[in-house]
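Visitor: I am new to this structure and would like to be walked through it slowly. Could you show me the sequence and the model before we begin?

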Amino acid sequence: MSLLMLKDKIRASTVCKKWCEAAKSVRVVHKHQWFASIPTFGDSINLFDPLERKKYTLNLPEKGVTDVAYSKDGWLLMRRSSFVEFFFFNPYSRELISLPDNELPYQAIAFSSAPTSETCTLVTLNRGVLFEFDPASRTLSHQAWDDVRFPEIHNNEWSYLPKELYLMEQKGELILMYTYGAEKPVMYKLVSSKWEEMSSTLDGLTIFASMYSSETRMDVLGMKNSVYFPKYGLRNNMQCVSYSYNDARYYPDQPERRLLCPVDSLWIDPPPFLM
């Protein structure tokens with residue numbers, strides 16, 4: 001069942017109750033991220049399934065003029081033209097959760113779980129601040145990490161290359177990834193307020209990285225030990241570029257970094273009504 005395309009899974013799930021349960025279990029275990037393009041202006045977003053190479057359009061008339069800061073568990077962290085007005089938005093259910101006005105300048109930002117859960121934590125990396133979000137009262141409390149600094153890279157030959165930074169959360173741990181041109185992505189994990197470089201293999205992990213959201217998944221069929229980046233091809237076609245830690249190379253070869261991670265793109269959970 002896990003080897004079937006989406007439309008074939010749907011057909012197979014209608015055969016009988018047991019086949020339906022099998023199809024559901026496969027979709028949950030092997031769920032991967034979709035690539036979303038969300039323009040600042042307009043009232044629609046484009047969705048792209050990287051495995052089946054299919055594109056969808058979702059109308060969002062209530063989106064307005066906003067920027068996307070991060071994505072997690074199907075929710076978007078969005079802001080209105082400043083570092084003060086932030087809110088959570090679910091593009092599938094259209095639910096909106098406002099945040100109290102706070103100045104949140106950041107070089108990287110992430111949140112750990114859906115804002116409807118009791119464990120939602122908002123993290124900004126600029127001067128090192130962690131925010132606890134209470135979904136009941138919709139309040140933020142914070143603490144500073146005075147001793148947390150970005151990891152230093154000692155490879156001098158990379159100093160002239162454009163550096164991109166990605167922040168993500170995996171089972172309660174923060175992971176930081178740097179990319180330099182077409183070099184191998186470098187991974188760090190935050191351990192006791194110190195960044196430690198991770199091993200050269202991802203141990204079954206798949207990373208979906210973009211400028212405004214980076215998510216992790218374990219044991220995704222056909223996508224293990226890889227980092228996936230969104231990319232625009234000719235005529236703004238939505239595509240993906242990956243780096244395989246198994247093969248120690250990018251696919252396709254030598255990607256043009258200027259075409260990776262467009263500023264209005266991110267990774268997001270697939271729409272529940274299509275899965």
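Visitor: How many of the residues of the protein count as buried?

Guide: What you see is a predicted model, and the protein in it has 275 residues. A residue is called buried when its relative accessible area is under 20%. By that cut-off, the share of residues that count as buried is 49%.

Visitor: Which elements does the protein have, and how many strands are there?

Guide: The protein has helices as well as strands, and the helices number 2. Among the contacts with a separation of 6 or more, 44% are made by residues 24 or more positions apart. As for the strands, the protein has 21.

Visitor: In the open sheet of 4 strands, which strands stand at the edges?

Guide: This open sheet has the order β4-β5-β6-β7, and its pairing is antiparallel. Two of its strands have a single partner strand each, so one side of each is left without a neighbour in the sheet. The strands at the edges are therefore β4 (67-72) and β7 (96-98). From one strand to the next, the twist averages 25°.

Visitor: Within that sheet, which residue of β6 does L76 stand opposite?

Guide: Strand β5 covers residues 75-79 and strand β6 covers residues 86-89, and the two run antiparallel. They are joined by 4 bridges. Opposite L76, in β6, stands F89.

Visitor: What ties strand β4 to a part of the chain 143 residues apart in sequence?

Guide: Side chains of opposite charge can pair when their charged atoms come close. Here the side chains of K72 and E215 meet, with 3.4 Å from N to O. Because K72 lies in strand β4 and E215 in strand β17 (residues 214-218), the pair ties together parts that are 143 residues apart in sequence. The tie is the salt bridge between K72 and E215.

Visitor: Are K72 and E215 buried or exposed?

Guide: The relative accessibility of K72 is 8%, and the relative accessible area of E215 is 0%. Since buried means under 20% relative accessible area, K72 counts as buried, and E215 is likewise buried.

Visitor: Which residues does R217 meet in salt bridges?

Guide: R217 forms a salt bridge with E215, where the closest N and O atoms are 3.2 Å apart. The side chain of R217 also meets that of D269 in a salt bridge, at 2.8 Å from N to O. This second pair links distant parts of the chain, as R217 is in strand β17 and D269 is in the segment after β21 (265-268), 52 residues apart. The partners of R217 are thus E215 and D269.

Visitor: Why do R217 and D269 count as buried?

Guide: The cut-off for buried is under 20% relative accessible area. R217 counts as buried because its relative accessibility is 16%, and D269 is buried because its relative accessible area is 9%.

Visitor: How many salt bridges does the structure hold, and which residues are linked in a network of them?

Guide: The structure holds 3 salt bridges. The residues linked in a network of salt bridges are K72, E215, R217 and D269.

Visitor: Turning to the surface, which residues make the nonpolar patch?

Guide: The protein exposes about 14,000 Å², and carbon and sulfur atoms supply 49% of it. One residue of the patch is V15, placed in the loop between α1 (6-12) and α2 (17-29), and V15 counts as exposed because its relative accessibility is 52%. The nonpolar patch covers about 350 Å² and is made by M1, L4, V15 and W19.

Key:
Residues are numbered from 1 along each chain as its sequence is written. This is a predicted model: local features need pLDDT of at least 70, side-chain atom pairs count only at pLDDT 80 or more; totals for chains, interfaces and linings use all residues. Side-chain values use heavy atoms; hydrogens and water are left out. Patches are made of residues with over 30% relative accessible area and no salt bridge: like charges are joined within 9 Å, nonpolar side chains (Val, Leu, Ile, Met, Phe, Trp, Tyr) within 5 Å. Accessible areas come from the Shrake-Rupley method with a 1.4 Å probe; for residues, only the protein chains shown count as cover. A salt bridge is a side-chain nitrogen of Lys or Arg within 4 Å of a carboxyl oxygen of Asp or Glu. Buried means under 20% relative accessible area, exposed over 50%, partly exposed in between (1.4 Å probe, protein chains only). Two strands pair if DSSP finds at least two bridges between them. Axes are lines fitted to C-alpha atoms, for helices over the stretch in contact, and angles run from 0 to 180 degrees between N-to-C directions. Contact means heavy atoms within 4.5 Å.
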